[in-house]
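Subject: Structure for you to look at

Hello,

Here is the structure I said I would pass on. Please open it alongside this message, and my notes come after it.

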Amino acid sequence: MVHAAAGGVGSLGVQIALARGARVIGTADERNHDFLRELGVTPVTYGEGLAERVRRLAPGGIDAAFDCYGGDAVAVSQKVVKDPARVVSVADLTVADQGGHLVWARSNADELTELVDLAESGKLSVTVHRAFPLEQAADAWRALQEEGRTRGRIVLDIDAN
């Protein structure tokens, strides 16, 4: 299960999991459910009753959960995951206190090569929500603050000329 599966980090996590053969359940607003289905994800809506909705989709429990959202995502994951140690978060600094693991990205040549291979094969792509020229970096920051969670990334376009 990937929380915030339609976001910039979550959508990459989803694609990597799918490329490795996993069945993925992804949490998102209903407006992003079609996008998740296009990726090959079974979407589920955030909010009250999430654990019950996930149990209906995976009655035997889920193998792992990746939290890109924060809030109560780790607590809900602990209710539906088979092994509490298989809950990881990039958004909840208290995940270790709840039996899971906090993860950070680290550069690793082999893993970066795998990502390049996935991208070149069409199995991994970055969804861009909105692009700003570098000169409008402040506007990009304001948009991120105003729009909050987005489908994909807000990026700065740096002209190489």
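What follows is a short account of the overall fold, one pair of strands, one histidine and the cores.

Please keep in mind that this is a predicted model.

Overall fold. The protein chain has six helices and eight strands. Read from the N terminus, these elements run β-α-β-α-β-α-β-α-β-β-α-β-α-β. The radius of gyration is 16 Å, and the globule rule gives 15 Å for 161 residues, so the chain is as compact as a globular protein of that length. Along the principal axes, the C-alpha atoms fill a box of roughly 55 × 35 × 30 Å. Of the 161 residues, 34% are buried. Among contacts with a separation of 6 or more, 42% are between residues 24 or more positions apart.

Strands S2 and S3. In a regular strand, side chains alternate between the two faces of the sheet. Strand S2 covers residues 25-28, with Ile25 and Thr27 pointing one way and Gly26 and Ala28 the other way. All four of these residues are buried. S2 pairs with strand S3 (residues 42-45) in the parallel sense, over four bridges. Within this pair, Ile25 stands opposite Thr42 of S3. Between the two strands the chain passes through helix H2 (residues 33-39), and the resulting β-α-β crossover is right-handed.

His3. This residue belongs to strand S1 (residues 2-3). Is it buried or exposed? His3 has a relative accessibility of 1%, and buried means under 20%, so His3 counts as buried. Its side chain makes a polar contact with the side chain of Ser77, at 2.7 Å. Beyond its neighbours within four places in sequence, His3 is in contact with Thr27, Leu50, Phe66, Asp67, Cys68, Tyr69, Ala73 and Ser77.

Nonpolar cores. In soluble globular proteins, nonpolar side chains tend to be buried together. The largest nonpolar core here has 15 residues, and those touching the most other members are Met1, Ile25, Val54, Ile62, Val80 and Val87. Helix H3 (50-57) and helix H4 (73-80) are the elements that each give two or more residues to this core. Apart from it lies another core of twelve residues, including Ala6, Val14, Ala28 and Cys68. As for Val80, its contacts outside the neighbours within four places in sequence are Met1, Ala51, Val54, Arg55, Gly61 and Ile62.

Regards

Note on methods:
Residues are numbered from 1 along each chain as its sequence is written. This is a predicted model: local features need pLDDT of at least 70, side-chain atom pairs count only at pLDDT 80 or more; totals for chains, interfaces and linings use all residues. Side-chain values use heavy atoms; hydrogens and water are left out. A nonpolar core is a set of buried Ala, Val, Leu, Ile, Met, Phe, Trp, Tyr and Cys residues joined through side-chain atoms within 4.5 Å. Buried means under 20% relative accessible area, exposed over 50%, partly exposed in between (1.4 Å probe, protein chains only). Contact means heavy atoms within 4.5 Å. A polar contact is a pair of N or O atoms within 3.5 Å; within protein, one must be able to donate a hydrogen and the other to accept it, and residues adjacent in sequence count only if both atoms are side-chain atoms. Two strands pair if DSSP finds at least two bridges between them. A crossover is right-handed if, with the strands pointing away from the viewer, the path from the first strand over the helix to the second runs clockwise. The radius of gyration is taken over C-alpha atoms; the globule rule is 2.2 Å times the number of residues to the power 0.38.
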